[in-house]
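This report describes the architecture, surface and pockets of one protein. Please keep the sequence and the structure in view while reading.

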Amino acid sequence: MNLSRTARAALWTALVLGLGVVYVPLGVVVLNSFNSDRTFGWPPPGFTLQWWSAAWRSTGVRDALWTSVQAGLGATAIALVLGTMAAFAVQRYRFFGRDTVSLLIVLPIALPGIVTGIALSNTFHSVLGVPLGLFTVIVGHATFCVVTVFNNVLARLRRMGLNVEEASADLGADTFTTFRLVTFPMMRSALLAGGLLAFALSFDEIIVTTFTAGAGVRTLPIWIFENLFRPNQAPVVNVVAAALVIVSVVPIYFAQRLSGGDPQTR
């Protein structure tokens, strides 16, 4: 489609403004993490690694980081199992209510986080009698992490079709051999991409975590929120926020590379 010079200029202007609104504040956070002025004077009078060193020595930051990693890995593991099984069921089998099941699987990521958090908290506390803690955080994160794995695997299965698997069966391979030698290698990058996205979503989740974490359970986003308005902790909070931006970007970048660079996804 040919666009006039004015239309192209307008589109580029809108693109630059949109990206600027998103990424300029993130850039300011990263820059302030090196700002030698603890009150974040602008422009920065100088740059230092002092705040990064202080964040590294902080026991609270290290404990919160480890909790976030545990929650992310646990939620990702659950999402990989359940999301893959659900994708196979929806794509490979015909049954009553299949479209409804697919909608119910995707719905949690569209719901407001506060609604999901309240619902999970009430269920754990009032219905199941399960004490809130790291386990409930992992389950809460898994409810929306499943969606990313489900979508990635479902899209891959639709592109794969059944021809290769049927050829494997014709050559005498049973179901498990076909899955191990044919199906799994073809969907491996989709699983990895879905897992990376699920971990990134879990790692920076705060709303659901607030309602499902018990006393003493602090993930990195929760630690940031609790220390955000403490003047003495402000430089360290900026460092942790900058690190969180970087940690969140890395898995998303690799997930995009895996999805975009795999010949099977084209």
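In this predicted model, I206 counts as partly exposed because its relative accessibility is 28%, and partly exposed residues fall between the limits of under 20% for buried and over 50% for exposed. I206 is located in the loop that joins α8 to α9 (207-212). Its C-alpha atom is separated by 23 Å from that of W52, and the two residues are 154 positions apart along the chain.

**Overall architecture**

The secondary structure consists of 11 helices and 0 strands. Along the sequence the pattern accordingly reads α-α-α-α-α-α-α-α-α-α-α. Taken along the principal axes, the C-alpha atoms fill a box of roughly 70 × 65 × 30 Å. The protein has 266 residues, of which 36% count as buried.

**The region of α9 and α10**

R218 is placed in the loop between α9 and α10. Its relative accessible area is 38%, and R218 is therefore classed as partly exposed. A distance of 9.5 Å separates the C-alpha atoms of R218 and W66, although their positions lie 152 residues apart in the count along the chain.

Which residue meets the side chain of R218 in a salt bridge? The partner is E226, with an N to O distance of 2.6 Å. Side chains of opposite charge can pair when their charged atoms come close. The separation of 2.6 Å satisfies the cut-off of within 4 Å that applies to a side-chain nitrogen of Lys or Arg and a carboxyl oxygen of Asp or Glu. By this rule the model has 1 salt bridge. E226 is also partly exposed, because its relative accessibility is 33%.

Helix α10 itself (residues 220-227) is mostly covered, with 6 of its 8 residues buried. The buried residues are L220, P221, I222, W223, I224 and N227.

**Helix α2 and W51**

Is W51 buried or exposed? Its relative accessibility is 7%, so W51 counts as buried. This residue lies in helix α2. Between W51 and T67 there are 22 Å in space, C-alpha to C-alpha, for a spacing of 16 residues in sequence.

**A nonpolar surface patch**

W12, L15, V16, L19, V21, V22, Y23 and L26 together form a nonpolar patch on the surface. The accessible area of these residues comes to about 820 Å² together. One of the members, V16, has its place in helix α1 (residues 5-32). V16 is classed as exposed because its relative accessibility reaches 54%. An α-helix has 3.6 residues a turn, so residues three or four places apart point the same way.

**The two largest pockets**

Rolling a probe the size of a water molecule over the atoms shows where empty space is left. The volumes of the two pockets are set out below.

| Pocket | Volume |
|---|---|
| Largest pocket | about 530 Å³ |
| Second largest pocket | about 250 Å³ |

The largest pocket, with a volume of about 530 Å³, is lined by 22 residues, and those closest to its centre are F88, R92, Y93, E165 and T175. Two or more lining residues come from each of α3 (59-92), α7 (163-170) and α8 (175-203). Which element gives the most to this lining? Helix α3 does, with 7 residues. By class, the lining of the largest pocket divides into 11 nonpolar, 6 polar and 5 charged residues.

The second largest pocket has 13 lining residues, and A55, W56, V61, L65 and A243 lie nearest its centre. At least two residues of its lining are supplied by each of α2 (50-57), α3 and α11 (234-261). Helix α11 accounts for the largest share, 5 residues. The lining of this second pocket comprises 12 nonpolar residues, no polar residues and 1 charged residue.

Helix α3 thus contributes to the lining of the largest pocket and to that of the second largest pocket. Helix α2, where W51 is found, is among the elements that supply the lining of the second largest pocket.

Notes. Residues numbered from 1 in each chain as written. Predicted model: local features only at pLDDT ≥ 70, side-chain atom pairs only at ≥ 80, totals over all residues. Heavy atoms only, no water. Patch = residues over 30% accessible without salt bridge, like charges linked within 9 Å, V, L, I, M, F, W, Y side chains within 5 Å. Areas by Shrake-Rupley, 256 points an atom, 1.4 Å probe, with all protein chains shown as cover. Helix = DSSP H or I, 4+ residues; strand = E, 2+ residues; numbered from the N terminus. Buried < 20%, exposed > 50% of the residue type's maximum accessible area, 1.4 Å probe, protein only. 1 Å grid on protein atoms, 1.4 Å probe; cavity = no way out; pocket = protein on both sides within 12 Å on 5 of 7 lines; lining within 4 Å. Points joined across faces, edges and corners; volume = space filled by probe spheres on them. Nonpolar A, V, L, I, M, F, W, Y, C, P; charged D, E, K, R; others polar.
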